Amino acid sequence: MVFLLEGTVETYVVRDGVERVFATLEPRAMIGELAVLGEAPRAASVRVVEQATVLKWSDQGFRRLLLRIPRLSR
């Protein structure tokens with residue numbers, strides 16, 4: 001799980017040789033939280049569009065953070 005502090009990233013998939021961009025994310029976006037919470041495999045890839053800085057949490061670290069600060073889970 002990462003939190004985008006600076007920059008811009010895109011989420012995308014490639015299926016049958018065709019690339020599809022799902023979203024362009026800007027600072028304050030969370031990336032990968034659903035995979036952590038639902039223990040599902042990732043659904044898309046992420047690439048940097050504009051130089052980015054992120055804050056990264058492990059699965060367990062992110063879950064602990066949500067338990068400590070319940071309003072984050074909303």
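Glu10 sits in strand β1, which covers residues 2–15. I should say at once that the model we are looking at is predicted. Is Glu10 buried or exposed? Its relative accessibility is 17%, and because the cut-off for a buried residue is under 20%, Glu10 counts as buried. Leaving aside residues up to four places away in sequence, Glu10 touches Val21, Ala23, Thr24, Ser45, Val46, Arg47 and Val49.

Let me now place that residue in the chain as a whole. The chain has two helices and four strands, and along the sequence they follow the pattern β-β-β-α-β-α. Of the 74 residues, 23% are buried. Taken along the principal axes, the C-alpha atoms fill a box of roughly 40 × 25 × 20 Å. The accessible surface is about 5700 Å², and carbon and sulfur atoms account for 51% of that surface. As for contacts between residues at least 6 apart in sequence, 64% of them join residues at least 24 apart.

I turn finally to the largest pocket, whose volume is about 350 Å³. Its lining comprises 14 residues, and those closest to the pocket centre are Ile31, Gly32, Arg42, Ala43 and Ala44. Which elements give two or more residues to this lining? They are β3 (30–31), α1 (33–38) and β4 (45–56). The most is given by α1, with three residues. In terms of residue class, the lining of the largest pocket divides into nine nonpolar, three polar and two charged residues.

Terms used: Residues numbered from 1 in each chain as written. Predicted model: local features only at pLDDT ≥ 70, side-chain atom pairs only at ≥ 80, totals over all residues. Heavy atoms only, no water. 1 Å grid on protein atoms, 1.4 Å probe; cavity = no way out; pocket = protein on both sides within 12 Å on 5 of 7 lines; lining within 4 Å. Points joined across faces, edges and corners; volume = space filled by probe spheres on them. Nonpolar A, V, L, I, M, F, W, Y, C, P; charged D, E, K, R; others polar. Buried < 20%, exposed > 50% of the residue type's maximum accessible area, 1.4 Å probe, protein only. Contact = heavy atoms within 4.5 Å. Areas by Shrake-Rupley, 256 points an atom, 1.4 Å probe, with all protein chains shown as cover.
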